[in-house]
Amino acid sequence: QVQLVESGGGLVQPGGSLRLSCAASGFLFRIYTMSWYRQAPGKERELVAFISSAGSSTAYADSVKGRFTISRDNAKNTLYLQMNSLKPEDTAVYYCSLGRGDSWGQGTQVTVSS
């Protein structure tokens, strides 16, 4: 069964950094596109970034471009999201997904506040 477990969220000050991880199991991780979504209070879930199966292609939402980096380690079946220069607007629950919303993790809370 597909299982996606996010970790690494927490409270950080504006301008700070966090690295989210997503441990994947139950499928051939290395052949699938993976993505990160987030959902802020009162807002719909939005796509943050996605990455191709080999990690050679990435794409980002305009709101995070230049600040966030999606990556993956196929040997470890793990997806990452490095978040730098965090802003209060980045506060949300962040979700790891198979493909583009085909399957979801439980989410990890990221709060950016002073």
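Which residues does Met83 touch, not counting residues up to four places away in sequence? In this predicted model, the partners of Met83 are Gly16, Ser17, Leu18, Leu20, Arg67, Phe68, Tyr94 and Val110. Met83 also belongs to the largest nonpolar core, which has 28 residues. Within that core, Met83 is one of six residues that touch the most other members. The others are Met34, Trp36, Leu79, Leu81 and Tyr94. Several strands build this core. Two or more residues come from each of β3, β4, β5 (46-51), β7 (68-73), β8 (78-83), β9 and β11 (108-112).

Met34 offers a second view of the core. This residue is found in strand β4. Its relative accessible area is 0%, so Met34 counts as buried. Met34 and Asp102 are 68 residues apart along the chain. Their C-alpha atoms are nevertheless separated by 9.6 Å.

The structure holds one disulfide. The bond joins Cys22 to Cys96, with an S to S distance of 2.1 Å. Cys22 lies in strand β3, and Cys96 lies in strand β9 (residues 92-98). The pair therefore ties together parts that are 74 residues apart in sequence. The torsion about the S-S bond is about -75 degrees, so the disulfide is left-handed. Cys22 is buried, because its relative accessibility is 0%, and buried means under 20%. Cys96 is likewise buried, with a relative accessible area of 0%.

Charged side chains form a further set of links. A search of the whole structure finds four salt bridges. Arg38, Glu46, Arg67 and Asp90 are linked in a network of such bridges. Within this network, the side chain of Arg38 meets that of Glu46, at 2.7 Å from N to O. Arg38 also forms a salt bridge with Asp90. Here the closest N and O atoms are 2.9 Å apart. This second pair links distant parts of the chain. Asp90 sits in the loop between β8 and β9, whereas Arg38 is in strand β4, 52 residues apart. Arg67, another member of the network, is also among the residues that Met83 touches.

The members of these pairs vary in exposure. Asp90 and Arg38 are both buried. For Arg38, the relative accessible area is 6%. Glu46 has a relative accessible area of 34%, so this residue is partly exposed. A separate salt bridge brings together the side chains of Asp62 and Lys65. The N to O distance in that bridge is 3.2 Å. Asp62 is exposed, because its relative accessibility is 67% and the cut-off for exposed is over 50%.

Nonpolar residues also appear at the surface. Leu28, Ile31 and Tyr32 form a nonpolar patch there. Together they have about 290 Å² of accessible area. Tyr32 is placed in the loop between β3 (18-25) and β4 (34-39). Its relative accessible area is 35%, so Tyr32 is partly exposed. The strands on either side of this loop are among the elements that give two or more residues to the largest nonpolar core.

Key
Residues numbered from 1 in each chain as written. Predicted model: local features only at pLDDT ≥ 70, side-chain atom pairs only at ≥ 80, totals over all residues. Heavy atoms only, no water. Patch = residues over 30% accessible without salt bridge, like charges linked within 9 Å, V, L, I, M, F, W, Y side chains within 5 Å. Areas by Shrake-Rupley, 256 points an atom, 1.4 Å probe, with all protein chains shown as cover. Helix = DSSP H or I, 4+ residues; strand = E, 2+ residues; numbered from the N terminus. Buried < 20%, exposed > 50% of the residue type's maximum accessible area, 1.4 Å probe, protein only. Disulfide = S-S within 2.5 Å. Core = buried A, V, L, I, M, F, W, Y, C linked by side-chain atoms within 4.5 Å. Contact = heavy atoms within 4.5 Å.
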